[in-house]
Amino acid sequence: MVKKAKTLLLSLTPIALMYIIQILVVFGVQFLIIFADRFLTMIHIYQSPVLQYVINQYVYIISAASYGLFLLVGYFWYRRVMADRRAVYLERGHKPVLDSGAILGIFFVALFIQFAVSSLLNILAVVAPDLMGQYMEVMEGLGMSEPSIISMLYVIIMAPLAEELLMRGLCLKILENSFPFWAANFLQALYFGIYHMNLVQGCYAFVMGLILGRLVKKYGTLKASILCHFIINFSGQVMSVINFSIMGIFTGALVCAGILVILFIWEKRKNDEYLYK
């Protein structure tokens, strides 16, 4: 019991590190903005397009810089956490790898998650418009309605890398030291949901966290969840630009679900044939 309590506390330290880095980056960027503004005023430049762009993209600059710094620190932490597990894999002759079949499956899992979440959000807009309105205010506050180069860098590249390293790379692996996988996966998904700091996004982030954790377990590599997370975020950006119709979103969810069923049956038959040989 004591060991599990210690593991729970230890599993929260990567999240604490992330928040500490974010706080330091906020103070650092604010200092640089104030310094740049005063310096430009001294040399009689009162309207700098570069400084104005930095101010407009403040949230994404802070987020991207925080995730970048966390990746530098978290990578070496992750290597230490995985050192013993990697030795076990080598002893057993296992080498985690994503073949073409795995990548195809992950691709359609990611698309299904994106279409399914979009479908549920459309339903929520009808049954709970106030709650959906609050969610949209949060998204607009993050700049999701007006994507930019920095916002896309953060959403498509930095978020999948840093959040997967944080949740599935560190939190999940630390929790697995004292908990069975199902419990560790549930806890890291719960962390992931709470980390997003709003009810609607937290709920679907929790479910998404469960799936991403399962992918890491199935394929034995963090690359599986990173790839899935990347496709989810990238497809979300594409859908926001194309402006899919509600019917198109529902159809996409059904098509992806059908393809996943076919891939599951095909994989099961393939495994059965291998066992009976």
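Start by selecting F234, which sits in helix 9. You're looking at a predicted model, by the way. Is F234 buried, partly exposed or exposed? Its relative accessibility is 41%, so F234 counts as partly exposed. For that label, the value has to lie between the 20% limit for buried and the 50% limit for exposed.

**Stop two: the patch around F234**

Keep F234 selected and add L153, I157, L161, F230, V238, V241, I242 and F244. Show them as a surface: together these nine names make a nonpolar patch with about 740 Å² of accessible area. Now colour helix 6 (149-175) and helix 9 (222-242), since each of them supplies at least two residues of the patch. Which helix gives the largest share? That's helix 9, with 5 residues.

**Stop three: a buried serine**

Next, hide the surface and jump to helix 4, which covers residues 100-127. Pick out S119 there. With just 5% relative accessibility, S119 counts as buried, because the cut-off for buried is under 20%. So what does S119 touch, leaving out residues up to four places away in sequence? Select I249, F250 and A253 and you'll have its partners.

**Stop four: the annotated stretches**

Time to bring in a record. An unreviewed UniProt entry carries the annotation "transmembrane region" for residues 12-36, 57-78, 102-128, 149-170, 190-212 and 248-266. Try colouring those six ranges one by one. Begin with 12-36: this stretch is 100% helix and 0% strand. Draw a distance between its end C-alpha atoms and you should get 36 Å. Then go to 102-128, where the chain is 96% helix and 0% strand. Here the end C-alpha atoms are 37 Å apart.

**Last stop: zoom out**

Switch to a cartoon view of the whole chain. How many helices and strands are there? You'll find 10 helices and 0 strands. Read along the sequence, the pattern is simply α-α-α-α-α-α-α-α-α-α.

Now put the surface back on. The accessible surface of the chain comes to about 16,700 Å², and 71% of that belongs to carbon and sulfur atoms. As for the inside, 41% of the 277 residues count as buried.

One more thing to try: show the contacts between residues at least 6 apart in sequence. Of these, 81% join residues at least 24 apart. To finish, you could flip back and forth between partly exposed F234 and buried S119.

Terms used:
Residues numbered from 1 in each chain as written. Predicted model: local features only at pLDDT ≥ 70, side-chain atom pairs only at ≥ 80, totals over all residues. Heavy atoms only, no water. Helix = DSSP H or I, 4+ residues; strand = E, 2+ residues; numbered from the N terminus. Buried < 20%, exposed > 50% of the residue type's maximum accessible area, 1.4 Å probe, protein only. Contact = heavy atoms within 4.5 Å. Patch = residues over 30% accessible without salt bridge, like charges linked within 9 Å, V, L, I, M, F, W, Y side chains within 5 Å. Areas by Shrake-Rupley, 256 points an atom, 1.4 Å probe, with all protein chains shown as cover. Salt bridge = Lys/Arg side-chain N within 4 Å of Asp/Glu carboxyl O. UniProt positions renumbered as here; feature names shortened; annotations may be inferred.
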